[in-house]
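The following note records points for discussion with a colleague at the bench. The sequence and the structure come first, and the comments follow.

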Amino acid sequence: MTRVTGRRSCRQWAWLLLSTVSAILKAKGKGVDHMELMKAIYERRSIRKYTAEEIPLDALKQILEAGVMAPSGMNLQHWHFVMVRDPEMMEKCQEIMIRVSDIFRPALEKRFTRNPHIVQETGEFLTTLGGAKVMLFAFLSKKEFNDSIPAVSGVCAAIQNMLLAAWDMGIGSCWLTAPVAAKLDHEYEELLAPDKGKFVGCVTFGYPDEMPVAPPRREGKYEII
């Protein structure tokens, strides 16, 4: 005799959960259609010039929630994020970035000898932050993870989630690691997240005031065996 228990299989539960999450997201979006993932991946650009329009607090929370949904080694979730929107704190962060620009400039000049305009544009962005009024700072959550490649990989996966989530809402961003190259990363650690581990990177957020063309992707960067 076949016994009918009414119990769902793992696959059925997974599908039910996915459908529920999708419905919640649509409800939160108040009927606004979200772009498809592949479209966001292919069309997202690094934005270095923003309008003065403020990003709603709810949108910033959604971006952060997307970040913490990223995978991490052994599910340790070794990240700590600080979203800065307070004008006074943003000014302090920008002051550090101005010094980053000065220190980083020789490296840019060496790298882009044939493209001095890139050096100029990058310097201007680092000193002005493109007019961004919001920045995210990413840290490893514990000092013992400071030299762990898997831990850094998890934080980077979370940052990518946030870039895509922001783009899906029409919000531009630019991922920055120049403070690490300039060896001023410790200043952001002390200012924003003492005892939260090493600085990994930061991201400017804002509504785009430009739409740069995607640079061509180089051939031979992957293979299938």
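In which sense do β3 and strand β4 pair, and over how many bridges?

1. Pairing of β3 and β4. The model is predicted, and the reply to the question above is to be read with that in mind. Strand β4, residues 199–206, pairs with β3 in the antiparallel sense, over five bridges. One specific position may be inspected on the display: L176 has C202, in β4, as its bridge partner.

2. The sheet as a whole. The pair belongs to an open sheet of four strands, whose order is β1-β2-β4-β3 and whose pairing is antiparallel. Its edges are formed by β1 (80–84) and β3 (172–176), each of which pairs on one side only. On average, neighbouring strands of this sheet are turned by 20° against each other, with direction ignored. As general background, the strands of a sheet pair through backbone hydrogen bonds, in either a parallel or an antiparallel arrangement.

3. Helices against the sheet. Helix α6 (residues 149–168) packs on the sheet and touches β1, β2 (134–139), β3 and β4. The direction of α6 makes about 0° with that of β4. Helix α8, residues 185–192, lies across β1, β2 and β4. Relative to β2, helix α8 runs at about 100°.

4. Inventory and order of elements. The protein has eight helices and four strands. Read from the N terminus, the elements follow the pattern α-α-α-β-α-α-β-α-β-α-α-β.

5. Burial, surface and contacts. Of the 225 residues in the protein, 35% are buried. The protein exposes about 15000 Å², and carbon and sulfur atoms supply 56% of that area. Among contacts between residues at least 6 apart in sequence, 84% join residues at least 24 apart.

6. Salt bridges within helices. How many salt bridges does a search of the whole structure find? The search finds four; three are described in this point and the next. The side chains of K39 and E43 meet in a salt bridge with an N to O distance of 2.9 Å. These two residues are four apart in helix α2 (residues 37–43), and therefore about one helical turn separates them. E43 counts as partly exposed because its relative accessibility is 36%, and K39, at 41%, is also partly exposed. A further salt bridge joins R105 and E109, with the closest N and O atoms 3.1 Å apart. Both residues lie in helix α4 (residues 87–111), four residues apart, or about one turn of the helix. E109 is partly exposed, with a relative accessible area of 41%, and R105 is partly exposed at 33% relative accessibility.

7. A salt bridge between a helix and a loop. D185 forms a salt bridge with K198, and the closest N and O atoms are 3.1 Å apart. This pair links distant parts of the chain: D185 is in helix α8, whereas K198 is in the loop between α8 and β4, and 13 residues separate them. Is D185 buried or exposed? D185 has a relative accessible area of 8% and is therefore buried, the cut-off for burial being under 20%. K198, with a relative accessible area of 32%, is partly exposed. The helix that holds D185 is the one described above as lying across β1, β2 and β4.

Notes: Residues numbered from 1 in each chain as written. Predicted model: local features only at pLDDT ≥ 70, side-chain atom pairs only at ≥ 80, totals over all residues. Heavy atoms only, no water. Pairing = 2+ DSSP bridges. Axes fitted to C-alpha atoms, helices over the stretch in contact; angles between N-to-C directions. Contact = heavy atoms within 4.5 Å. Buried < 20%, exposed > 50% of the residue type's maximum accessible area, 1.4 Å probe, protein only. Areas by Shrake-Rupley, 256 points an atom, 1.4 Å probe, with all protein chains shown as cover.
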